[in-house]
Amino acid sequence: MKKLLSCFFLISAVLSVFAQQRGKSDLDLDQIWSGHFDERKYVVHLMNQSPQFAWIQTDTGAGPQVILSLDFNTTRIVDTLFSNQIKGESDSLPTTFTYFQDFDFSPDDSKILIRTQIEPLYSLSEMSFNYVWDINKKVLRVVSANGKQSYASFSPDSKRLAYIIQGNIYIMDLEKNTTVPVTVDGIPGQFLYGMADALYENGFGMTKAYEWSPDGKYIAMLRFNENTVKSYPLTLYDQPYAQIKSQRYPLAGEMVPDVKVFIYDVENKLFIPIDAGINPDQYITGIHWSPDSKRLLVQRLSRDQKKLELLRANVVTGKTSVVLTEYKPENYVKVYPENVYFIKDGASFLWKSEKDGYTHLYEVTGDSARMTPVTQGKWEVLEVKTVDDTHNEIYFTSNESGSRQKQLYKIGYDGTQRTKLTTGTGYHETWISPDKRFFFDEFSSLNKPPIYQVVSTVDRSQRKLIENKELNDRLKDYKISDAYFFTVPANDSMVMDGWIIRPYQTGKGRLPLVLYVYGGSTHQQALDKWDDKFTLTMRWLANQGYAVACIDPRGTPGKGEAFRKTNYNKPGDIEIEDLLKVKSYLAKNYRVDSSRAAVMGWSYGGYLAALAQTKYAGRFKAAVAIAPVTNWRYYENVYAERLLFMPSENAEGYKDASPVNFAGNYKGGLFLVHGTADDNVHLQNSLELSKQLTNEKKSDFEQHFYTDKTHNLSDGTPNILRITLFTRINEFLKRNLK
């Protein structure tokens, strides 16, 4: 009788599970890319003078869009600082201001910079129409009607605003409501003031290239002379006669922009040139003021990226001296453009460096330039969030808890009492209150959407503000599999991180594998972080009958210098070796059919996918190469030369690393995808590989080009382009893996 009852309950439980599964809806690409699963994202900024933070609250109906301030102590609303329903004292009805997307506070919190109609400038930077709202006077002023602005920033006294239009810097007097140009000869493609060009942005992560002095008397800036750089033509097809757009783009081995450093005396309207050297083969990768406004620190990097010098410039004379030098003759120096964080009232500063193998903080004394380690260990410092001279503490984020994670810590200036402030395994984006007593925490993990909470740095107490309950409930209604982390040994001392997603409903047979990879040295892909559209798309793809995995091979950041630089002077070979190890590992442990495996990647990942089907033909049955580099001679010099030196010094290395030179090996199963207006990895890369495959009489490859689309291959909401892209990819994989 007990056996019968046990069987009855077991059968009931199984039927119940099947019923629950039948009741769930299929995951749908259209829903993913139309915003159906978007989490509630909050644009958050801290106030500078009070323990408050603010965010944009948008009514889902026809109500107003407002900026609310909340108190860290109570997490209650303190005030409505701005509303797009503006009503003056003499107005009977409010005037509806345009929809806005971002904002920022002046240093004294008396004014708010309102940003609207934001659009990309290069890969990281943006431009927008800006307005300044005076909180006390209830007055809204337009910053400029002469075009969208970039990098608008308040002066330290909050009385002026600097911004850039078309490569020129302007200063707006917020009390007099007048504007004067600082520079007049700025022209995109010729001279740029105070803003990095596309090369520096892509190669070093630099964007804004000017900075107010702490006393507000000066503006330090970089001037980019791009006239030395050759132009590359981009063709746009949105009119009867196609338009040719020229882009300054220095290919590997070509001349780089000539960058000068200037200090502008705001009151006297004088320019002071800074002596950063006259070598045309160098980069200026960062500027930073000392707290007393008497010194400007300038980063100077050699063309081969093996030598980085920090210069100290005299504000009056412009003369410089070398403060410290980092030299890596065996490979290259890692650059941090935001580097230099002054402590001890300016007597010394913090410096990020991987001189001992991992990115860590060092204290540099002003006089002797002696570097004393503050943090140490086999993990990486990610960001310096703030410093506290009152208590001699540094607040920083790191991946000490795991290379997939980002957690907030504090540590004493002397390197003692390191304390983890965040809780919960995953990824924490944090903002620290001015008094250092609280921080705002956006916390997510690979399978869990973000929650927003306020955390005390004193007793670690947490008060949740937003838990994305609506999204979590919605996700439960769909057939969505969790992603599971795994690790694979790369060699005796290095381990790779990855995750895998299997179909929501799967049978007993082995699954074909889709292995997604980026693999470049600038960012990790397999993080423990919610990425709604990407990972949901991978879950959708898994539900089509695949095991979908993502891996960070050697060559990616997060695990120290040796891990990231393993592929130095031989990009592609190490990564493909690692992908093959991952394929074998998954076949042994996750019921994956290694004979039906595909590589898929974008940009550097697209390069690896193209390399897998040419130089390493036969190891994978299929590959999807999106916006791939196929010839390193066609890519920009900062990245290419960092890996492979100058082409004149390493012609064989460039040849051996480029898929176009191995088209004769091709055995089938390649899908090439590219945007015709890609201004990062030019369409020429895919066209050249297509030509070489054709010349080798290889006809069984597929290609699709998206007209007038850039590297990101994206459009609005719903994102029709991404829907069609992944639909095509799925159809290609079905033809090749099933």
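Which side chains meet in a salt bridge at 3.7 Å, N to O? They belong to Glu-383 and Lys-385. Keep in mind as you look that this is a predicted model. Glu-383 counts as partly exposed, with a relative accessibility of 28%, and Lys-385 is partly exposed too, at 29%.

That pair is a good doorway into the sheet around it. Strand 30 covers residues 381–388, and it belongs to an open sheet of 4 strands arranged in the order 30-31-32-33, with antiparallel pairing. Strand 30 and strand 33 (419–420) each have a single partner strand and stand at the edges, so one side of each has no neighbour in the sheet. If you follow the sheet to strand 33, you will find strand 32 (residues 407–412) paired with it in the antiparallel sense over 2 bridges. There, Lys-410 stands opposite Thr-419 of strand 33. As a general reminder, strands of a sheet pair through backbone hydrogen bonds, in either a parallel or an antiparallel way.

Another antiparallel pair is worth a visit. Strand 18 (residues 231–236) and strand 19 (residues 243–248) are matched over 6 bridges. A hairpin of 6 residues carries the chain from strand 18 to strand 19. To get your bearings within the pair, start at Tyr-232, whose bridge partner in strand 19 is Gln-247.

Back to charged side chains: a search of the whole structure turns up 38 salt bridges. One of them joins Arg-115 and Glu-126, at 3.2 Å from N to O. Arg-115 sits in strand 8 (residues 111–120) and Glu-126 in strand 9 (residues 126–134), so this pair ties together parts that are 11 residues apart in sequence. The two partners fall into separate burial classes: Arg-115 is buried, at 16% relative accessibility, whereas Glu-126 is partly exposed, at 35%. A further salt bridge links Asp-593 with Arg-596, where the closest N and O atoms are 2.8 Å apart. Asp-593 counts as buried because its relative accessibility is 18%, and the cut-off for buried is under 20%. Elsewhere, salt bridges with shared partners join Lys-328, Glu-354, Glu-561, Arg-564 and Lys-565 into one network.

Now move along to helix 11, which spans residues 684–695. Its 12 residues reach 16 Å from the first C-alpha to the last, close to the 16 Å expected at 1.5 Å a residue. Which residues of helix 11 are buried? They are Asn-685, Ser-686, Glu-688, Leu-689, Ser-690 and Leu-693. These buried residues pack against helix 8 (604–613), as well as strand 44 (670–675) and strand 45 (702–706). Following helix 11 comes Lys-697, with a positive phi near 60°.

Finally, let us turn to empty space. Rolling a probe the size of a water molecule over the atoms shows where such space is left. In this structure there are 3 cavities of 30 Å³ or more, and the largest has a volume of about 50 Å³. Its lining is made up of Pro-257, Asp-258, Val-259, Lys-260, Gly-277, Ile-278, Asn-279, Pro-280 and Gln-282. Which strand gives the largest share of the lining of the largest cavity? That is strand 20 (residues 258–265), which contributes 3 residues.

Definitions and conventions
Residues numbered from 1 in each chain as written. Predicted model: local features only at pLDDT ≥ 70, side-chain atom pairs only at ≥ 80, totals over all residues. Heavy atoms only, no water. Expected span 1.5 Å × (residues − 1). Buried < 20%, exposed > 50% of the residue type's maximum accessible area, 1.4 Å probe, protein only. Contact = heavy atoms within 4.5 Å. Pairing = 2+ DSSP bridges. Salt bridge = Lys/Arg side-chain N within 4 Å of Asp/Glu carboxyl O. 1 Å grid on protein atoms, 1.4 Å probe; cavity = no way out; pocket = protein on both sides within 12 Å on 5 of 7 lines; lining within 4 Å. Points joined across faces, edges and corners; volume = space filled by probe spheres on them.
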